[in-house]
Amino acid sequence: LQGNRLALAPYAGCLLRLERPREAGDIFERLVHASPGDVTARYNLAVCRLRAGQAREAEAAARAAMAMSPADPDVLNLLAAASAAAGQLEPALAALRKATDIAPAEERHYLDLAGLCVEHGAFPLALEVVNAGVANVPGSAKLHMLRGAIRAERNEVDEAMRDFERASALSPDELYGSVGLSLVLRQADRLAEAIALLRRKLAERPGDATLNYLLGDALLRGDPGPASAEFAEARDALVRAIRARPDFAKAHAALGKLQVRAGEIASAVEKLRTAVRLDPTDRLALNQLVVAYRRLGRPEDAAAVAGQLKTLLDKERAEEVARNRIRLVKGP
């Protein structure tokens with residue numbers, strides 16, 4: 001194998017499929033050294049380094065590939081991903097803008113560029129990017145879904161609902177539109193409509209974890225009493241969500257919150273601890289766990305979780321400050 005160059009690339013591809021990107025990258029690096037003009041080897045090397053969390057190395061390999069093939073939108077997209085991972089925001093934006101110019105009919109470049117803008121709080125620029133994407137790829141459910149999410153964030157409820165409805169019409173077998181629509185309805189205090197929509201979708205997909213979680217969460221937002229039919233329906237939905245996806249942290253947290261309301265404190269602690277184990281950044285789970293420990297008369301445990309919650313909130317504030325220091329500018 002080591003002396004067979006034709007076999008090395010497929011072998012490295014197998015290693016990558018086996019989630020062994022560092023080893024795969026080492027092989028592609030050998031191929032790059034053996035054939036410095038092979039743009040495919042450099043591209044694959046960048047992919048492996050990025051998957052291995054080696055952002056700087058991935059960026060260097062992607063830049064080398066772009067120097068050899070400057071008009072390849074896939075190379076530009078990869079360079080953007082590597083640059084963003086390395087903390088180089090402006091080069092990432094520039095690469096994605098160029099990719100949208102070269103391949104205006106490819107939705108993923110718009111999605112990645114808008115997603116990067118959203119990540120850094122530049123919602124007006126993200127909306128501009130998605131509008132361009134929708135104009136060039138009008139049949140993209142994902143672009144309509146993303147535009148709906150951005151508009152919901154901007155409190156443009158009616159426009160967001162139209163986008164989610166369009167996404168659902170374009171891709172009725174997917175959950176993009178229905179999930180987004182249910183979320184914006186919930187945010188707009190139209191819980192009854194959101195619940196009715198989720199029930200209709202669950203009639204088609206009764207075992208779907210996301211839909212069951214959203215229904216349970218929406219029902220609980222109506223603050224039903226523990227003896228009500230809505231409370232029982234919420235419990236059943238959350239149990240189905242966890243059964244379908246045992247590692248669904250938010251569903252565990254929501255069920256724990258429900259159990260706190262029902263006075264089932266010991267069971268609530270179990271669910272909430274599971275939620276925190278699955279997602280240590282889940283503020284709802286941490287907050288409810290503090291409440292549950294206090295009700296059980298375990299002040300030391302409550303104080304420990306409260307400290308964990310404070311550390312998380314401090315970290316989120318620091319990250320928000322760092323994001324706000326970034327100034328996104330449009331290219332020429």
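**Note on the predicted model**

1. Surface first. About 16800 Å² of the chain is accessible, and carbon and sulfur atoms account for 52% of that area. The model is predicted. Of the 332 residues in the chain, 44% are buried.

2. Overall make-up. The chain has 18 helices. Strands number zero. Take the contacts between residues at least 6 apart in sequence: 48% of them join residues at least 24 apart.

3. The cores. The largest nonpolar core holds 42 residues. Cys117, Val130 and Leu143 have the most contacts inside it. Apart from this core lies another, of 22 residues. Its members include Leu198, Phe231, Ala237 and Ile242.

4. Leu143. What does Leu143 touch, not counting residues up to four places away in sequence? The list is Glu107, Tyr110, Leu111, Val130, Gly133, Val134 and Val137. Val130 thus appears here as a partner of Leu143, and Val130 is also among the residues with the most contacts inside the largest core.

5. Helix α9. This helix covers residues 141-153, 13 residues in total. From first C-alpha to last, α9 reaches 18 Å, close to the 18 Å expected at 1.5 Å a residue. Is α9 mostly covered or mostly open? Mostly covered: ten of its 13 residues are buried. Leu143 is one of them. Charged side chains are not spared, as Arg147 and Arg151 are buried too. So are His144, Met145 and Gly148, among others. After α9 comes Asn155, with a positive phi near 65°.

6. His252. This residue sits in helix α15, residues 249-261. Why is His252 classed as buried? Its relative accessible area is 5%, and the class takes in anything under 20%. A polar atom of the His252 side chain lies 2.8 Å from the backbone oxygen of Pro246. Leaving aside neighbours within four places in sequence, His252 is in contact with Ile242, Pro246, Lys271, Thr274, Ala275 and Leu278. Pro246 therefore counts on both lists, given that contact means heavy atoms within 4.5 Å. Ile242 links back to point 3, where it is a member of the 22-residue core.

7. Leu313. Look in helix α18, residues 299-325. Why is Leu313 called partly exposed? Its relative accessible area is 28%, and that class runs between 20% and 50%. The C-alpha atom of Leu313 is 8.4 Å from that of Arg283. Along the chain, these two residues are 30 apart.

Key. Residues numbered from 1 in each chain as written. Predicted model: local features only at pLDDT ≥ 70, side-chain atom pairs only at ≥ 80, totals over all residues. Heavy atoms only, no water. Helix = DSSP H or I, 4+ residues; strand = E, 2+ residues; numbered from the N terminus. Buried < 20%, exposed > 50% of the residue type's maximum accessible area, 1.4 Å probe, protein only. Polar contact = N/O pair within 3.5 Å; in protein donor to acceptor, adjacent residues only side chain to side chain. Areas by Shrake-Rupley, 256 points an atom, 1.4 Å probe, with all protein chains shown as cover. Core = buried A, V, L, I, M, F, W, Y, C linked by side-chain atoms within 4.5 Å. Expected span 1.5 Å × (residues − 1).
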